Amino acid sequence: MAPISSTLALGAGCYWGTEKFVVKDFQKQFPGSIKEAKVGFMSPDKNAMKNPSYRQVCSGSTGHVEVLNVELETPEVFEDLIRFFFTFHDPTTLNRQGNDAGTQYASVIFCSDDEQTKIANKVKDELQQLISGGKITSFAQGTVHTAIVEYTDFYPAHEEHQEYLMKNPVGYCNHRFRFNEWPEL
């Protein structure tokens with residue numbers, strides 16, 4: 001495998017659930033694999049507004065997505081993380097996760113290098129084949145809409161939004177496991 005960056009960002013709807021599933025649940029499978037994770041905002045557009053507020057992002061007018069910015073301790077788990085990412089949200093609902101609708105809730109993988117982009121596209125293509133072949137039937141629709149884009153500027157959310165579901169275990173979360181095991185093609 002070619003060298004791979006340790007930094008990426010994941011958009012999967014409300015960032016509170018994304019953070020909980022990645023930081024808590026992914027690390028049950030891969031202990032110590034995440035060096036740091038913070039919720040915040042990122043735009044696929046390099047020229048997007050700088051340092052938007054939460055309210056501005058929620059308006060849907062800035063082009064930013066709610067993301068979990070991740071630094072991996074062990075970049076070798078990148079592909080495992082991308083597979084896991086697809087298990088807890090619905091990548092077939094364009095700019096929507098459950099009750100949350102708007103471009104800020106898009107399914108997006110922000111990649112830091114070509115190797116990450118290659119792997120993310122491979123996993124996305126596999127997922128599409130699994131859906132098309134009827135091996136995964138737990139999504140609302142039949143087409144994966146996850147964008148795979150270049151990593152841009154990350155803007156951390158306010159401190160009260162960091163580790164929100166760890167501090168408020170019964171807080172709002174629309175994420176759930178859609179399937180547990182990645183099927184064979």
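The following exercises, with worked solutions, concern a predicted model.

**Exercise 1. Determine the strand order of the sheet and identify its edge strands.**

Solution. Step one is to establish the order: the open sheet consists of 6 strands arranged as β7-β6-β1-β3-β2-β8, with mixed pairing. Step two is to look for strands that pair on one side only; these are β7 (147–150) and β8 (155–156), the edge strands. Step three examines one pair in detail. Strands β1 (residues 7–12) and β6 (residues 107–111) run antiparallel and are joined by 5 bridges. Within this pair, Leu10 has Ile109 of β6 as its bridge partner.

**Exercise 2. State which strands helices α3 and α4 lie across, and give an angle for each helix.**

Solution. Take α3 (residues 78–85) to begin with: this helix lies across β1, β3 (65–72) and β6, and runs at about 5° to β1. Next, α4 (residues 114–132) lies across β1, β6 and β7, and its angle to β6 is about 150°.

**Exercise 3. Describe the largest pocket by volume, lining and contributing elements.**

Solution. The volume of the largest pocket is about 180 Å³. Its lining includes Phe26, Gln29, Phe30, Asp80, Arg83, Phe84 and Trp182. Two or more lining residues come from each of α1 (15–29) and α3. The greatest contribution is that of α3, with 3 residues. Sorted by class, the lining of this pocket comprises 6 nonpolar, 3 polar and 3 charged residues.

**Exercise 4. Count the cavities of 30 Å³ or more and characterise the largest cavity.**

Solution. The count at this cut-off gives 1 cavity. The largest cavity has a volume of about 60 Å³. Among the residues lining the largest cavity are Ser43, Asp45, Lys46, His64, Asp153 and Tyr155. By class, 3 nonpolar, 3 polar and 4 charged residues make up this lining.

**Exercise 5. For Asn51 and Glu163, give the sign of phi, the location and the exposure class.**

Solution. The background is that most residues other than glycine have a negative phi. Asn51, although not a glycine, has a positive phi of about 50°. Asn51 is located in the loop between β2 (34–42) and α2 (54–58). The cut-off for exposed is over 50% relative accessible area; Asn51, at 56%, is therefore exposed.

Glu163, likewise not a glycine, has a positive phi of about 55°. Glu163 lies in the loop between β8 and α5 (164–167). Partly exposed covers the range between the buried limit of under 20% and the exposed limit of over 50%, so Glu163, at 45% relative accessibility, counts as partly exposed.

Notes:
Residues numbered from 1 in each chain as written. Predicted model: local features only at pLDDT ≥ 70, side-chain atom pairs only at ≥ 80, totals over all residues. Heavy atoms only, no water. Pairing = 2+ DSSP bridges. Helix = DSSP H or I, 4+ residues; strand = E, 2+ residues; numbered from the N terminus. Contact = heavy atoms within 4.5 Å. Axes fitted to C-alpha atoms, helices over the stretch in contact; angles between N-to-C directions. 1 Å grid on protein atoms, 1.4 Å probe; cavity = no way out; pocket = protein on both sides within 12 Å on 5 of 7 lines; lining within 4 Å. Points joined across faces, edges and corners; volume = space filled by probe spheres on them. Nonpolar A, V, L, I, M, F, W, Y, C, P; charged D, E, K, R; others polar. Buried < 20%, exposed > 50% of the residue type's maximum accessible area, 1.4 Å probe, protein only.
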